[in-house]
Amino acid sequence: MVDRIGRRPWVDTESADLYVTCYLENRRFSIGLDGAGAPLHMRGYRSAPHESSLREHLAAAMVLQSRWDPAKPLHDPFCGSATILTEAAMIATRTPASRWRKRFGCMSWPDFNRARFDALRQEALAAIVPAKGLRISGGDCSAKWIESARANVTTAGFGDVIRLEVCDVADMTLEPDSWVVTNPPYGVRIGDERTHLPHVAFVPDRLQAFPGTQVAVLAAEEGFERIFRLRPFKRNRMNNGPIRCVLAQYQIHE
């Protein structure tokens with residue numbers, strides 16, 4: 001580098017100008033430029049993190065797989081940091097996932113076209129539609145997490161759209177024809193199964209009080225469906241970080 005450009009490079013290890021990704025597999029080595037930089041799932045609206053928050057792209061995938069109709073109510077009884085609810089509001093309003101992102105790795109490339117990039121960003125922001133009529137709500141038995149959730153939805157601009165309250169799942173109430181999309185605690189990252197699975201057991205009993213409800217539940221494969229006691233009409237395998245999970249979907253009948 002000194003021979004080529006006359007000086008030794010200096011690298012900011014926290015926020016590098018150029019991201020290079022290398023893979024070595026089966027004696028094959030490949031090098032690529034990373035145009036994103038920081039991981040794309042980090043949207044930038046989570047000002048108050050939860051100790052077991054879902055990654056944002058996983059929450060968005062759950063909402064999309066549930067086929068939620070934004071004209072219908074959506075509720076998360078284990079809302080935590082409100083990631084599922086916020087991603088649902090973003091999907092319904094066509095809010096780009098990169099709205100709060102200030103930098104991409106490609107911005108340091110020599111051929112980066114700032115004018116074109118700014119035009120594309122403005123085009124994406126102009127496509128956002130108002131949140132009028134959305135009925136999105138969440139509950140959690142922890143006042144601490146509800147406070148964190150309120151901070152996050154406010155940062156995302158949905159403080160007046162997403163209704164949050166401290167509520168035990170056993171006291172959950174739903175509007176007719178609701179969607180429930182949730183990631184209940186299953187004792188892998190916080191606590192243990194003896195603490196959390198019995199709590200989840202209240203969910204099917206409570207759901208059956210609201211026929212017509214569509215339900216999508218992400219949980220660890222081990223033990224969950226046995227204690228949930230309902231038969232899913234659809235199952236999708238998903239990984240929650242290193243945890244092998246399944247997104248099970250149910251329809252609550254009379």
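Valine 169 is placed in the loop between E5 and E6, where helices (H or I, at least four residues) and strands (E, at least two) are DSSP runs numbered from the N terminus. At 3% relative accessibility, valine 169 counts as buried; the class covers residues under 20% relative accessible area, with exposed meaning over 50% and partly exposed in between (1.4 Å probe, protein chains only). The C-alpha atoms of valine 169 and isoleucine 252 are separated by 16 Å, with these positions 83 residues apart along the chain. The model is predicted: local features need pLDDT of at least 70, side-chain atom pairs count only at pLDDT 80 or more, and totals for chains, interfaces and linings use all residues. Residues are numbered from 1 along each chain as its sequence is written, and side-chain values use heavy atoms, with hydrogens and water left out.

The protein contains eight helices and nine strands. Its C-alpha atoms fill a box of roughly 75 × 45 × 35 Å, taken along the principal axes. Of the 254 residues, 44% count as buried. The accessible surface comes to about 14900 Å², and 51% of this surface belongs to carbon and sulfur atoms; accessible areas come from the Shrake-Rupley method with a 1.4 Å probe, and for residues only the protein chains shown count as cover. Contact denotes heavy atoms within 4.5 Å. Among contacts between residues at least 6 apart in sequence, 72% join residues at least 24 apart. The protein carries 33 positive and 29 negative charges, whose mean positions are 5 Å apart. In this count Lys and Arg are positive and Asp and Glu negative, while His and the chain ends are not counted; each charge is placed at NZ of Lys, CZ of Arg, CG of Asp or CD of Glu.

Helix H3 spans residues 83-93, and 10 of its 11 residues are buried, so the helix is largely enclosed by the rest of the structure. The buried residues are Thr83, Ile84, Leu85, Thr86, Glu87, Ala88, Ala89, Met90, Ala92 and Thr93. They pack against two helices, H2 (56-66) and H5 (143-155), and against strands E3 (74-76), E4 (136-140), E5 (162-166) and E6 (179-182). Arginine 94 follows H3 and has a positive phi, near 60°.

Tryptophan 100 is located in the loop between H3 and H4. Its relative accessibility of 19% places tryptophan 100 in the buried class. Apart from neighbours within four places in sequence, tryptophan 100 is in contact with Arg43, Gly44, Tyr45, Met90, Thr95, Thr155 and Ala156. Met90 is also one of the buried residues of H3. A separation of 29 Å lies between the C-alpha atoms of tryptophan 100 and isoleucine 31, which are 69 residues apart along the chain.

Isoleucine 31 belongs to a nonpolar surface patch formed together with Leu18, Val20, Leu24, Phe29 and Leu33, with about 650 Å² of accessible area together. Patches are made of residues with over 30% relative accessible area and no salt bridge, like charges being joined within 9 Å and nonpolar side chains (Val, Leu, Ile, Met, Phe, Trp, Tyr) within 5 Å. Strands E1 (20-25) and E2 (28-33) each supply at least two residues of the patch, and E2 gives the most, with three. Leucine 18 lies in the loop between helix H1 (2-5) and E1. This leucine 18 is partly exposed, with a relative accessible area of 46%.

Six salt bridges are found in a search of the whole structure, a salt bridge being a side-chain nitrogen of Lys or Arg within 4 Å of a carboxyl oxygen of Asp or Glu. One of them joins the side chains of glutamate 56 and arginine 46, at 3.6 Å from N to O. This pair links distant parts of the chain, with glutamate 56 in helix H2 and arginine 46 in the loop between E2 and H2, 10 residues apart. Glutamate 56 is buried, at a relative accessible area of 4%, whereas arginine 46 is partly exposed, at 24%.

A further salt bridge connects aspartate 118 with arginine 114, the closest N and O atoms being 3.5 Å apart. Both residues lie in helix H4 (residues 114-126), four residues apart, about one turn of the helix. Aspartate 118 is partly exposed at 33% relative accessibility, and arginine 114 is partly exposed at 43%. Glutamate 165 forms a salt bridge with arginine 163, with 3.9 Å between the closest N and O atoms. The relative accessible area of glutamate 165 is 34%, in the partly exposed class.
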